[in-house]
Amino acid sequence: MIPLRDNAAPRRLTPVNTALVAANIAVFVYELSLGARVTAFVGRFAMVPAAVTRALSSSALAWHELAAHRSLGALAPLMTTVTSMFIHGGFWHVAGNMLYLFIFGAAVEYRMGASRYIIFYFAAGIAAALATVWIAPESGVPVIGASGAIAGVLGAYFILYPRGRILTILPIFIFVQFVEIPAVIYLLLWFAVQLYAGLEQGGRAATMAGGVAWWAHVGGFMFGVALGPMFAMNRPRRRR
């Protein structure tokens with residue numbers, strides 16, 4: 001099911017959401033310009049669960065050394081929980097993520113306001129990254145993409161717009177149908193797929209190679225469901 005638009009956002013081009021889409025596309029274009037050097041770029045800024053695990057385990061012992069600047073390098077992998085959100089592995093990877101962000105993010109930003117929305121977005125992305133680390137703490141496979149943060153946006157949309165409707169392309173064999181689906185049904189189906197795939201994958205880190213970090217989606221969505229309403233502001237309702 002490919003979403004085309006929703007009926008909840010009063011305006012489509014909200015400032016923060018539009019800037020996030022533009023930033024992700026800009027980074028992807030930069031990746032393309034690197035050529036063979038893109039491997040080093042991804043290796044530096046992608047999140048590796050095993051490296052984050054080591055950083056988290058050592059951080060409790062390292063605070064007293066921060067003043068001496070001796071442990072900053074050990075804690076650097078924690079920053080990749082943020083930088084990895086802007087790295088994508090190919091055209092369809094970035095296109096799919098930005099389509100979902102563009103469609104669902106505007107309505108969520110409208111309810112939260114620009115400043116709260118950007119905090120929520122990064123917090124959801126970090127929560128999704130940590131969910132991946134929790135499931136596969138020893139994995140050495142780099143994890144990239146904005147889908148964990150976007151899953152948080154979907155979770156918030158699920159709670160904030162229970163009566164929303166999503167215009168969707170539904171391919172059936174050789175036919176293409178345009179169907180308007182209630183947002184609650186659409187997002188429940190989406191989450192069920194992520195959860196099922198995550199349970200099938202389990203904690204096997206090897207299956208993450210070249211595939212999808214399903215538990216990042218599950219963790220991000222649950223973060224959005226739980227904390228999305230806390231970020232929301234009361235907005236006047238539009239009359240039909």
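Trainee: What percentage of the 240 residues in the protein do buried residues make up?

Mentor: Start with the cut-offs. Buried means under 20% relative accessible area, exposed means over 50%, and partly exposed lies in between, using a 1.4 Å probe and protein chains only. Here buried residues make up 45% of the 240 residues. Keep in mind that this is a predicted model: local features need pLDDT of at least 70, side-chain atom pairs count only at pLDDT 80 or more, and totals for chains, interfaces and linings use all residues. Residues are numbered from 1 along each chain as its sequence is written, and side-chain values use heavy atoms, with hydrogens and water left out.

Trainee: Which helices and strands are there, and in what pattern along the sequence?

Mentor: Both are DSSP runs, numbered from the N terminus: helices are H or I with at least four residues, strands are E with at least two. The protein has ten helices and three strands. Along the sequence the pattern reads β-α-α-α-α-α-α-α-α-β-β-α-α.

Trainee: In what order do the three strands form the sheet?

Mentor: Strands of a sheet pair through backbone hydrogen bonds, either parallel or antiparallel. Two strands count as paired if DSSP finds at least two bridges between them. In this model the order is β1-β2-β3, in an open sheet with antiparallel pairing. The edge strands are β1 (2–6) and β3, each pairing on one side only. Neighbouring strands are turned by 25° against each other on average, direction ignored. Axes for such angles are lines fitted to C-alpha atoms, for helices over the stretch in contact; angles run from 0 to 180 degrees between N-to-C directions.

Trainee: How many bridges join β2 and β3?

Mentor: Eight, in the antiparallel sense. Trace them by partner. I166 is bridged to I181 in β3, L170 to Q177, and I172 to F175. The two strands form a hairpin with two residues between them, and F173 in the turn has a positive phi of about 55°. β1 and β2 pair over four bridges, also antiparallel. There, I2 stands opposite I169 in β2.

Trainee: Which helix lies across the sheet strands?

Mentor: Helix α9 (residues 183–201) lies across β1, β2 and β3, running at about 110° to β3.

Trainee: Where is I174, and is I174 buried or exposed?

Mentor: I174 sits in the loop between β2 (165–172) and β3 (175–182). I174 counts as exposed because its relative accessibility is 77%. I172, F173, I174 and F175 together form a nonpolar surface patch of about 550 Å² accessible area. Accessible areas come from the Shrake-Rupley method with a 1.4 Å probe; for residues, only the protein chains shown count as cover. Patches take residues with over 30% relative accessible area and no salt bridge, joining like charges within 9 Å and nonpolar side chains (Val, Leu, Ile, Met, Phe, Trp, Tyr) within 5 Å. A salt bridge is a side-chain nitrogen of Lys or Arg within 4 Å of a carboxyl oxygen of Asp or Glu.

Trainee: Which residues does R5 touch?

Mentor: Contact means heavy atoms within 4.5 Å. R5, in strand β1, touches I103, R165, I166 and L167, not counting residues up to four places away in sequence. R5 counts as exposed because its relative accessibility is 51%.
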